[in-house]
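Student: Hi, have you got a few minutes to go through a structure with me? I'd like to start with the fold and then look at some residues.
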Amino acid sequence: MRTFFIFVFFILIPSLAYAGSIDYLGYSLKALGSVIIVIALLFASVWALKKLQINTKRGGRIKILDRTYIDNKHSLVIIEVDEKQFLLGVGNEINLISQLVKNEENN
């Protein structure tokens, strides 16, 4: 709603006030159309990049199963590599804390 008022007061009304000598309405509509096309292309490219990124991650040997943040820079991560699970400490460096045993009741 707010953008509609901005559009009306800053684009259409000045265009209509000076419409006698130059076609400001036409120029304004062309500019608005160009902005809409650029924004649509931006959203389409972001969507396409997200889709491509998801497809490349599937089928890999390494999977992140869970992550718990301890503070802003440190976290605990459970990963799975070739059916084996590991608990890692991630901070300034990555440390192997332990290899986890899969519990068949939970899986």
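Tutor: Happy to; we'll take the overall fold, then the sheet, then a few side chains.

Tutor: One thing to keep in mind is that this is a predicted model.

Student: Got it. How many helices and strands does the protein have?

Tutor: The secondary structure comes to 2 helices and 4 strands. Reading from the N terminus, the elements go α-α-β-β-β-β.

Student: What's the strand order in the sheet?

Tutor: The order is β1-β2-β3-β4, in an open sheet with antiparallel pairing. The edge strands are β1 and β4, and each of these pairs on one side only. From one strand to the next, the twist averages 25°.

Student: Remind me, what do strands of a sheet pair through?

Tutor: Backbone hydrogen bonds, and the pairing can be parallel or antiparallel.

Student: OK, let's zoom in on β2 and β3. How many bridges are there between them?

Tutor: There are 7 bridges, with β2 and β3 pairing in the antiparallel sense. As one example, Glu 80 has Gln 85 in β3 as its bridge partner.

Student: And what about the turn in that hairpin, which residue has a positive phi?

Tutor: That's Asp 82, with a phi near 50°. The hairpin of β2 and β3 has 2 residues between the strands.

Student: Moving along, how many bridges join β3 to β4?

Tutor: Here the count is 6, and β3 and β4 run antiparallel. The hairpin that joins β3 to β4 does so through 3 residues.

Student: Which residues in β4 stand opposite Phe 86 and Leu 87?

Tutor: Phe 86 has Gln 99 opposite, and Leu 87 has Ser 98. You can add Gln 85, whose bridge partner in β4 is Leu 100. Gln 85 is also the partner of Glu 80, as we saw for the β2 side.

Student: Is β3 largely enclosed or open, and why?

Tutor: It is largely enclosed by the rest of the structure, because 5 of its 7 residues are buried. For the protein as a whole, 14% of the 107 residues count as buried.

Student: Can we look at one residue in β3? Is Gly 89 buried or exposed?

Tutor: Gly 89, which is placed in strand β3, counts as buried because its relative accessibility is 14%, and the cut-off for buried is under 20%.

Student: What does Gly 89 touch?

Tutor: Leaving out residues up to four places away in sequence, Gly 89 touches Ser 75, Leu 76, Ile 94, Asn 95 and Ile 97. Take Leu 76: it is 13 residues from Gly 89 in sequence, and the C-alpha to C-alpha distance is 4.8 Å.

Student: Ser 75 is on that list. Where does Ser 75 lie?

Tutor: Ser 75 lies in strand β2. At 5% relative accessibility, Ser 75 counts as buried. Setting aside neighbours within four places in sequence, its contacts are Arg 67, Thr 68, Tyr 69, Ile 70, Leu 88, Gly 89 and Val 90.

Student: Changing topic: how many salt bridges does a search of the whole structure find?

Tutor: The search finds 1 salt bridge. Arg 61 forms it with Asp 82, and the closest N and O atoms are 2.7 Å apart.

Student: What parts does that pair tie together?

Tutor: Arg 61 is in the loop between α2 and β1, and Asp 82 is in the loop between β2 and β3, so the pair ties together parts that are 21 residues apart in sequence. Asp 82 is also the residue with the positive phi in the hairpin of β2 and β3.

Student: Are those two buried or exposed?

Tutor: Arg 61 is exposed, with a relative accessible area of 57%, while Asp 82 is partly exposed at 43%.

Student: Last topic, the surface. Which residues make the nonpolar patch?

Tutor: Val 35, Ile 39 and Phe 43 make a nonpolar surface patch of about 310 Å². Ile 39 is found in helix α2, residues 24-57, and is partly exposed, with a relative accessible area of 41%.

Student: And how much area does the protein expose?

Tutor: About 9400 Å², with carbon and sulfur atoms supplying 64% of that.

Student: Great, thanks!

Notes. Residues numbered from 1 in each chain as written. Predicted model: local features only at pLDDT ≥ 70, side-chain atom pairs only at ≥ 80, totals over all residues. Heavy atoms only, no water. Patch = residues over 30% accessible without salt bridge, like charges linked within 9 Å, V, L, I, M, F, W, Y side chains within 5 Å. Areas by Shrake-Rupley, 256 points an atom, 1.4 Å probe, with all protein chains shown as cover. Salt bridge = Lys/Arg side-chain N within 4 Å of Asp/Glu carboxyl O. Buried < 20%, exposed > 50% of the residue type's maximum accessible area, 1.4 Å probe, protein only. Contact = heavy atoms within 4.5 Å. Pairing = 2+ DSSP bridges. Axes fitted to C-alpha atoms, helices over the stretch in contact; angles between N-to-C directions.
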